[in-house]
Every structure is written in structure tokens, then in C-alpha cells.
Amino acid sequence: MTEVTVPIGKAGRPAVVLLSGGLDSSTCLAWARNEGFTCHTLAVDYGQRHRVELDAARRVAEAHGITDHREVRVDLRAIGGSSLTSDDAVPKARESAAMAAGIPSTYVPARNTIFLGLALGLAETLGAQDIVAGMNALDYSGYPDCRPEFVRAFESLAAVATKAGVEGARVTVHTPLMALDKAGIVRLGARLGVDYTLTHSCYDPSPSGQACGECDSCQLRAKGFREAGVPDPTRYAARA
């Protein structure tokens, strides 16, 4: 058994962990538990075409022994503006340069703002001052709500937007993956014992839930395992 050193001051503190069931959020949950937080996980059913990730989130939470896993339904299809919440085609087989060149159609307007808002509400209800989220500013698809400045701005908002905040309880949004590439995330997860067979990352899975192997998320996931030298447990419909 791996010996875990719990940082002083964090042992037993409650934290809300945003858990999509993907590679990044599952690694964040393992990180939070290793830090000694008592984790409450939150998944969001927002009308995403890859709703199979909600099943993955349940599996991951159960594997980590989480006793408080919640799902909140928010119909972002009513807003639209994304290929993840519509029948528009998901971009496939894009080169790395194309991924880095602009914001793709898989960007969901205000998604992380909404997700963090829900996590903030739950945190206030639980008396928690810590939120853990899997934002990453290196190997990602250029989403504006995955950058450090967005996270810091949200922390400032939380300080003035909640009863707890105006009474002096400062909320911290932990983003342990922010400065890691996908290979670094996979290595971290491997050290923490994450079972990646339970996770799902594909934006456009088959009806059976098999990963397409061609969307940005599949390609970045496969790249991470390949560069980390860790076997990729994912079954892709096409070579990623």
C-alpha cells in the first residue's frame, strides 16, 4: 500500500470536486483525496451529447469511496452555441496546430462559470472553502474558461457573491492540473493509483459508449498516455 502524507491543515476539510468522469477530473479527485480533503463530488448533466460521462463519474466516485456524489441537471441545450449540446458535427482528426489556433465548436458558452457556480453553492451549503476542478491551460482545446485568470476572477467573485464570502470565508479553487500537459496529468494519476479504465473522455462516442478516437479530446487523451509511457486502456473506434 502506498503511504500517503497528508498536508497539515487539510486533513478532514470538506472540498467540492467537480467530477465529469474524464481523465482530468478523475485525476483531480485522486489528488484531493491524497491532499487529505473529505471530498464531495458533483457531476453536471447539462444535455451533453456524451452523457455516458455521467456513468463514468458515478463509477469513479464509487471507486474512490465517495459517499456524497451528486448530479445536477442544467439544460444548456436550451442555450445552444456548441456542438456538444446540439446535433452539429464535432470536429474530428484535427492537427495539433489547428487545435491551438482558435476556440472550437465544442466550446460550451459559460460552462465552467456555471459549473463553478454550482460547486460554489454546494460548498457554501456544506461549509466548505475549497473547490477542486480540472482546468488545464496546456493540452486543451483553447477554451477561455480553462485559464488561470478565469479561476482567479471566479475566486474574487465568490468573495462578494455569497453570504459566506462577505462574512470572511475565502473560497479557494484548486486547479492542480493547470500547468501540466496531458502526459504530466497521466503520470500524476498513475502515481496516485487512478484507474483510467473507469473514465471517459470522448466528445462523440458511439451509441455503445466507445470512444471515437478522432475528436480533440480523444486525441489529447491518447497523446497523454503515449508521451507518459503509460498503457492507454481506452478502446477507440479509430486510431487516436
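Two strands count as paired if DSSP finds at least two bridges between them. With that criterion in hand I opened this predicted model and began with the sheet.

**Entry 1: the sheet**

I looked up the link between strand β2 (residues 38–45) and β3, and found 5 bridges joining these parallel strands. I then picked out one residue of the pairing: Leu 42 has Arg 70 of β3 as its bridge partner. Going on to the whole sheet, I recorded an open arrangement of 5 strands in the order β3-β2-β1-β4-β5, paired in parallel. β3 and β5 (172–174) form the edges, each pairing on one side only. From one strand to the next, I noted an average twist of 25 degrees.

**Entry 2: a helix across the sheet**

I next examined helix α4 (residues 111–126). This helix lies across β1 (14–18), β2, β3, β4 (130–132) and β5, and runs at about 160 degrees to β1.

**Entry 3: Thr 85**

I followed the chain beyond β3 (69–73) and located Thr 85 in the loop that leads to α3 (96–101). Is Thr 85 buried or exposed? Its relative accessible area is 3%, and because buried means under 20%, I entered Thr 85 as buried. Leaving aside residues up to four places away in sequence, I listed its contacts as Tyr 46, Gly 47, Leu 76, Arg 77, Gly 80 and Val 108.

**Entry 4: α1 against α7**

I turned to the packing of helix α1 (residues 23–34) with α7. Their axes are 9 Å apart, at an angle of about 45 degrees, and the two helices are therefore oblique to each other. The crossing is left-handed. On the α1 side I noted Leu 23, Asp 24, Thr 27, Ala 30, Trp 31 and Asn 34; on the α7 side, Lys 182, Ile 185, Val 186, Leu 188, Gly 189 and Leu 192. By class, the residues of this contact are 7 nonpolar, 3 polar and 2 charged.

**Entry 5: α7 against α8**

How do helix α7 (residues 182–192) and helix α8 (residues 216–228) cross? I found that their axes come within 7 Å and cross at roughly 65 degrees. I therefore entered α7 and α8 as roughly perpendicular to each other. This crossing is right-handed. From α7, the contact draws on Lys 182, Ala 183, Val 186 and Arg 187; from α8, on Leu 220, Gly 224, Phe 225, Glu 227 and Ala 228. I counted the residues of this contact as 5 nonpolar, 1 polar and 3 charged.

Terms used
Residues are numbered from 1 along each chain as its sequence is written. This is a predicted model: local features need pLDDT of at least 70, side-chain atom pairs count only at pLDDT 80 or more; totals for chains, interfaces and linings use all residues. Side-chain values use heavy atoms; hydrogens and water are left out. Helices (H or I, at least four residues) and strands (E, at least two) are DSSP runs, numbered from the N terminus. Buried means under 20% relative accessible area, exposed over 50%, partly exposed in between (1.4 Å probe, protein chains only). Contact means heavy atoms within 4.5 Å. Axes are lines fitted to C-alpha atoms, for helices over the stretch in contact, and angles run from 0 to 180 degrees between N-to-C directions. Angles under 35 degrees count as roughly parallel, over 145 as roughly antiparallel, 65 to 115 as roughly perpendicular and the rest as oblique. A crossing is left-handed if the near helix is turned anticlockwise from the far one by less than a right angle, and right-handed if clockwise. Ala, Val, Leu, Ile, Met, Phe, Trp, Tyr, Cys and Pro count as nonpolar, Asp, Glu, Lys and Arg as charged, and the others, Gly among them, as polar.
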